[in-house]
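Subject: Structure handover and notes

Hello,

Here is the structure I said I would pass on. Please look it over, then read the notes below it.

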Amino acid sequence: AGRAVRAPSGRIVVTTKPFRGIGDRFKIFRLPVLRGIVGFFEMMVVGIKALNYSVSISIGDEKKADQQKNSASENFFVGLALVLSLAFGIFLFKFLPLTIVQFLSGVFPSIARHYFFFNIIDGFIKILFFSVYIGLIGLLPDIARVFQYHGAEHKTVFAYERGVPLDVKHAKKQSRFHPRCGTSFILVVFL
């Protein structure tokens, strides 16, 4: 797994570290359903470690970033943040839209009789919530910067996939909308 972070000095700090997933160690976790579940949690852990590394570099603590050995209390709070984030996401994008549509079904009985309309309204509310959520967090300067880097990632992946040189000149010409983006995938699922 590779990481590149801009230090306060403007220098780009790059590290690479081998990653060996659970599926590589235990064959049972390569089975289709288990592979997805394990992969999801592995990527969450990798993402949180990358964020911790990025924070350490951005505050100028490269020594701590290189060590990457979290104490038990740090691991507990990272785990707690992960659980709370997942719970909030499930509430916001699953239960709240469902509750709203169930309320509307009571007010407009035709929604309850036609499950197709029930699902269309539920999906519309989820897309609305997701769009507003992305728009609002995009107003935060740090998240706006993350979005810029994410768009640059897409451009870089396109350049790589097209076999053009991996430099700024060629990457700039690529689209920032990648068809395999996780955010786009979420939107397609809602649709």
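Which residues make up the largest nonpolar core? The model is a predicted one, and in it that core has 10 residues: Leu-92, Phe-93, Val-101, Ile-111, Phe-118, Ile-125, Ile-127, Phe-129, Phe-130 and Phe-190. Two elements, α4 and α6 (115-137), each give two or more residues to this core. The biggest contribution is from α6, with five residues. In soluble globular proteins, nonpolar side chains tend to be buried together.

Phe-118 is one of the core residues. Leaving aside residues up to four places away in sequence, Phe-118 touches Leu-98, Val-101, Gln-102, Ser-105 and Ile-111. There is also a second, separate core of five residues, which includes Val-5, Ala-7, Val-13 and Tyr-53.

Next, the surface. Phe-88, Ile-90, Phe-91, Phe-95 and Tyr-133 make a nonpolar surface patch of about 500 Å². Helix α4 (residues 72-107) gives the most to the patch, with four residues. Phe-95 lies in helix α4. Its relative accessible area is 45%, so Phe-95 is partly exposed, given that this class runs between 20% and 50%.

Helix α2 (residues 32-58) comes next. This helix has 27 residues and reaches 38 Å from its first C-alpha to its last, close to the 39 Å expected at 1.5 Å a residue. Buried residues in α2 are Val-38, Glu-42, Ile-48, Tyr-53, Ser-56 and Ile-57. Of these, Tyr-53 also appears in the second core. Val-45 is found in α2 as well, but is partly exposed, with a relative accessible area of 41%. The C-alpha atom of Val-45 is separated by 9.0 Å from that of Gly-79, 34 residues apart along the chain. After α2 comes Gly-60, with a positive phi near 85 degrees.

Now the charged pairs. How many salt bridges are there? The count comes to two.

- Asp-122 and Lys-126: their side chains meet in a salt bridge at 3.1 Å, N to O. Both residues lie in helix α6, four residues apart, about one turn of the helix. Both are buried.
- Glu-161 and Arg-180: their side chains meet in a salt bridge at 2.0 Å, N to O. Glu-161 lies in helix α7 (residues 141-162) and Arg-180 in the loop between α8 (168-172) and α9 (182-190), so this pair ties together parts that are 19 residues apart in sequence. Glu-161 counts as partly exposed because its relative accessibility is 41%, whereas Arg-180, at 59%, counts as exposed.

On the spacing within the first pair: an α-helix has 3.6 residues a turn, so residues three or four places apart point the same way.

One last position is Phe-108, in the loop between α4 and α5 (109-113). Is Phe-108 buried or partly exposed? At 45% relative accessibility, Phe-108 counts as partly exposed. The C-alpha atoms of Phe-108 and Arg-11 are separated by 59 Å, and the two residues are 97 residues apart along the chain.

Regards

Definitions and conventions
Residues numbered from 1 in each chain as written. Predicted model: local features only at pLDDT ≥ 70, side-chain atom pairs only at ≥ 80, totals over all residues. Heavy atoms only, no water. Patch = residues over 30% accessible without salt bridge, like charges linked within 9 Å, V, L, I, M, F, W, Y side chains within 5 Å. Areas by Shrake-Rupley, 256 points an atom, 1.4 Å probe, with all protein chains shown as cover. Salt bridge = Lys/Arg side-chain N within 4 Å of Asp/Glu carboxyl O. Buried < 20%, exposed > 50% of the residue type's maximum accessible area, 1.4 Å probe, protein only. Core = buried A, V, L, I, M, F, W, Y, C linked by side-chain atoms within 4.5 Å. Contact = heavy atoms within 4.5 Å. Expected span 1.5 Å × (residues − 1).
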